[in-house]
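Trainee: I would like a close look at one part of this structure, the disulfides, taken slowly and in a connected way.

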Amino acid sequence: MTKFWATSTGFVLSLAFGLALTGTAYAGEIPTNTEGGMEQSGGKDDSGIYAAARITYSGSVAPNGASGNVTSADVNWTPPPCWYAPYLGAKDFKKKMSKDIERQLNTPGIGSTAGSALTELKRHYEAGYGWSDNPGYEDYNVDKDGEGMFWAGVENPNEPDVLKRNACNDLPFWVDNGEAPPPRYEEAITPQILAALAYQHMQLPDTEVTLAPEQTTKVNLPTWAWLDKAVFDEVQATAALNVPGFNLQATTTARPVSLTLEPGTDDAVTYPASGECVINNDGSIGEPYARGKANRTPPCGIKYLRSSGNGTYNLQATITWEISWTGTGGAGGDLPDGAFGSTQAVTVQEIQSINR
């Protein structure tokens with residue numbers, strides 16, 4: 001199984017009074033590869049403290065935590081670049097945070113501004129000092145250990161924009177077991193966010209379209225194309241977060257709806273003319289070729305008008321998938337359609353005639 005280890009890394013905390021400091025920790029995702037599905041379990045950083053947040057991926061997902069092979073039909077849709085999720089219980093958080101604060105306060109040459117910010121941060125978690133919408137905590141809420149968790153920002157490791165990836169940079173905050181995070185944390189993990197992550201990791205099958213004639217065809221000879229339902233069915237990917245007092249899951253389902261053929265040359269016509277072959281009532285696409293159909297127009301196929309010479313044409317076959325999701329508490333909805341295509345080499349020969 002592929003495991004996602006929660007680890008610690010640095011980010012910038014922008015305090016309410018405009019000061020910033022670095023070096024505080026939050027839960028991220030680093031994959032290691034084994035076999036089968038994906039699982040995120042508790043991990044530890046160099047301090048030896050275990051983070052309790054877990055995101056488990058299962059179903060048809062890409063290995064090693066990589067993005068899957070689905071291309072969204074909506075160019076404006078992107079997976080969440082970051083989110084807030086359970087990080088550590090009170091005792092572990094105290095051990096981690098207090099160690100980080102003391103280390104930074106004792107850094108040689110630390111300026112007065114940074115030092116003041118660190119002192120205020122220490123007061124925030126130790127003495128109950130709060131500001132704006134951030135209530136303070138007495139002794140890191142240790143007396144409530146086991147009754148909730150501190151939440152912190154999580155980067156999406158597959159987000160290329162570092163600014164977006166680091167956008168969830170609020171101070172770690174406390175959430176009681178069974179309670180939702182405060183509404184102002186719009187990026188707090190939800191079934192919908194998990195559904196989007198499942199979409200991002202989803203791996204669609206690399207299904208090769210059946211052709212007749214297969215691989216080699218003739219100029220002006222219709223080439224039939226089809227996909228059997230047996231090798232062309234719906235795909236599911238699930239993302240789940242399971243920690244004490246807070247369990248969420250979402251399953252994203254991709255259902256094939258059409259096949260688009262691109263001949264690889266302008267010297268060709270497609271059947272139908274749009275090149276889009278819709279799904280049949282039985283879940284298949286197109287119609288298998290059989291003897292006696294030579295004079296018929298294929299419901300899904302291509303006719304090449306020029307030889308490929310000594311080379312081949314790259315036939316692009318792209319399947320469009322309708323994508324929806326369901327999640328904890330009866331949540332659900334639609335996500336943008338996805339597409340995944342593969343290329344097949346097709347040789348087109350001239351029809352040889354015999355002169356008598």
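Are cysteine 82 and cysteine 168 buried or exposed? Please start there and then go on to the rest of the disulfide pairing.

Mentor: Bearing in mind that this is a predicted model, cysteine 82 and cysteine 168 are both buried. These two residues form a disulfide, in which the sulfur atoms lie 2.1 Å apart, a separation that meets the cut-off of within 2.5 Å for such a pair. The torsion about the S-S bond of cysteine 82 and cysteine 168 is about 75°, and the disulfide is therefore right-handed. This pair links distant parts of the chain, since cysteine 82 belongs to strand β10 (residues 82-88), while cysteine 168 sits in the loop between α3 (162-165) and β12 (173-176), with 86 residues separating the two.

The structure holds two disulfides, and the other one is formed by cysteine 277 and cysteine 300, whose sulfur atoms are 2.1 Å apart. Here too distant parts of the chain are linked: cysteine 277 lies in strand β19 (residues 276-278), and cysteine 300 is found in the loop between β20 (285-286) and β21 (301-304), 23 residues apart. The link of cysteine 277 and cysteine 300 is right-handed, with 85° about the S-S bond, and both of its cysteines are buried.

As for the overall pattern, when the bonded cysteines of the protein chain are numbered in sequence order, the pairing reads 1-2, 3-4.

Note on methods
Residues are numbered from 1 along each chain as its sequence is written. This is a predicted model: local features need pLDDT of at least 70, side-chain atom pairs count only at pLDDT 80 or more; totals for chains, interfaces and linings use all residues. Side-chain values use heavy atoms; hydrogens and water are left out. Helices (H or I, at least four residues) and strands (E, at least two) are DSSP runs, numbered from the N terminus. Buried means under 20% relative accessible area, exposed over 50%, partly exposed in between (1.4 Å probe, protein chains only).
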